[in-house]
Amino acid sequence: MQSLIEIKNLKHSYIDTDGNEIHALNGVSLDIYKGEFLAVIGANGSGKSTLARHLNALLLPTEGKCIVAGMDTADNKNLWNIRQHVGMVFQNPDNQIVAAIVEEDVAFGPENIGVPPAEIRNALAAVGMTEYAKHAPHLLSGGQKQRVAIAGVLALEPDCIVLDEPTAMLDPRGRIEIVNTVKKLNREKNITVVYITHYMEEAMQADRIIAMEHGVIKMQGKPEEIFTKVKELHALGLETPLAAQAAFDLRQKGIKLADGIISNEELTEELCR
Ligand code: ADP
Ligand code: MG
């Protein structure tokens, strides 16, 4: 597998208002591979957003390196090029909408000046929002607004999209819309995805998961590897998906189940067998 982003011993410190140093990242080393769907989980304050902001040079390392498509984020001349490779989607869709009509919003996003109309149409189609092109963004649902924000990033044709808790402000239906949209972009357009979430059902959709605590990576693996380590997850202050928790509880009661059960379908299959 080919790396798109190489992170080597990355450390990041903030200085808070009292002048104290806050060690938000304490030595993260991670390769993000081309075409993968990577989920990032971890309790509040574990450093997820700080890590995300290094991936398109919104933050620069205090120590260590972040290399995006061969370009060092610390080298200022790479900035524009890096931001074309890696787009960011944030939590609040309302803060990311700038225009009064959906297609104009995609066209006039922060970095999108001069993007040709065909790219705008393609981007809206890719998130399933073509029929809303002429609508007013403020009348859309949260999930639809967030899909417009994703289209705004897609219009630049990035290799990688980083989404920092994109579903935190959405209802369950909106959350499903977003995770399905992102999965489709990953599978059909081969866009590398870094997806930060508090929702384990969303993280389950990823190819690989990293779990953070106190600015370091504490666990990493495939969803079935991560979510069957119920005790370790709880120690990090994280939930397990419902079916994985149920499988764990059933085993504790002496019921024999196959290994690696994390989804409702798998648990149902196993119990009916
Ligand atoms: P997460 O996204 O996992 O909740 P963050 O990366 O936002 O974690 O924060 C990691 C740590 O850095 C936390 O202790 C947080 O309080 C601190 N932090 C984040 N942003 C700033 C900032 N701008 N100034 C000072 N401290 C910050
Ligand atoms: Mg955060």
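## Salt bridges

Lysine 8 pairs with glutamate 6 in a salt bridge, and their closest N and O atoms are 3.9 Å apart. This is a predicted model, so please read each value here as computed from predicted coordinates. Both partners of this pair can be reached in part from outside: lysine 8 is partly exposed at 46% relative accessible area, and glutamate 6 is partly exposed at 27%. The count for the structure comes to 12 salt bridges, and two others are worth a visit.

In one of them, lysine 65 joins aspartate 72, with the closest N and O atoms 2.9 Å apart. Here the two ends have unlike surroundings. Lysine 65 is partly exposed, with a relative accessible area of 40%. Aspartate 72, at 18%, counts as buried because the cut-off for that word is under 20%.

## A bridge between a helix and a loop

Next, look at glutamate 103 and lysine 134, whose side chains meet in a salt bridge at 2.6 Å, N to O. Glutamate 103 sits in helix α4 (residues 102–107), while lysine 134 belongs to the loop between α5 (117–126) and α6 (142–154), so this pair ties together parts that are 31 residues apart in sequence.

How exposed are the two partners? Glutamate 103 is partly exposed, with a relative accessible area of 27%. Lysine 134 is exposed, and its value is 63%.

## A negative patch on the surface

Turn the model to find Glu224, Glu225, Glu265 and Glu266, which gather on the surface in a patch of negative charge. Two helices contribute here: α9 (223–226) and α12 (264–272) each supply at least two residues of the patch.

Glutamate 224 makes a good starting point, and you will find this residue in helix α9. Its relative accessible area is 37%, so glutamate 224 counts as partly exposed. That value also fits the patch, because members need over 30% relative accessible area.

## Cysteines without disulfides

How many disulfides does a search of the whole structure find? The result is zero. Cysteine 66 is in no disulfide, and the nearest cysteine sulfur, which belongs to cysteine 160, is 10 Å away. A disulfide needs two cysteine sulfur atoms within 2.5 Å, so that distance rules out a bond for cysteine 66.

Is cysteine 66 buried or exposed? Cysteine 66 is buried, with a relative accessible area of 0%. Cysteine 272, on the other hand, counts as exposed at 65% relative accessibility.

How values were computed. Residues are numbered from 1 along each chain as its sequence is written. Chains are lettered from A and ligands numbered from 1 in the order in which they are written. This is a predicted model: local features need pLDDT of at least 70, side-chain atom pairs count only at pLDDT 80 or more; totals for chains, interfaces and linings use all residues. Side-chain values use heavy atoms; hydrogens and water are left out. Patches are made of residues with over 30% relative accessible area and no salt bridge: like charges are joined within 9 Å, nonpolar side chains (Val, Leu, Ile, Met, Phe, Trp, Tyr) within 5 Å. Accessible areas come from the Shrake-Rupley method with a 1.4 Å probe; for residues, only the protein chains shown count as cover. A salt bridge is a side-chain nitrogen of Lys or Arg within 4 Å of a carboxyl oxygen of Asp or Glu. Lys and Arg count as positive and Asp and Glu as negative; His and the chain ends are not counted. The place of a charge is taken as NZ of Lys, CZ of Arg, CG of Asp or CD of Glu. Helices (H or I, at least four residues) and strands (E, at least two) are DSSP runs, numbered from the N terminus. Buried means under 20% relative accessible area, exposed over 50%, partly exposed in between (1.4 Å probe, protein chains only).
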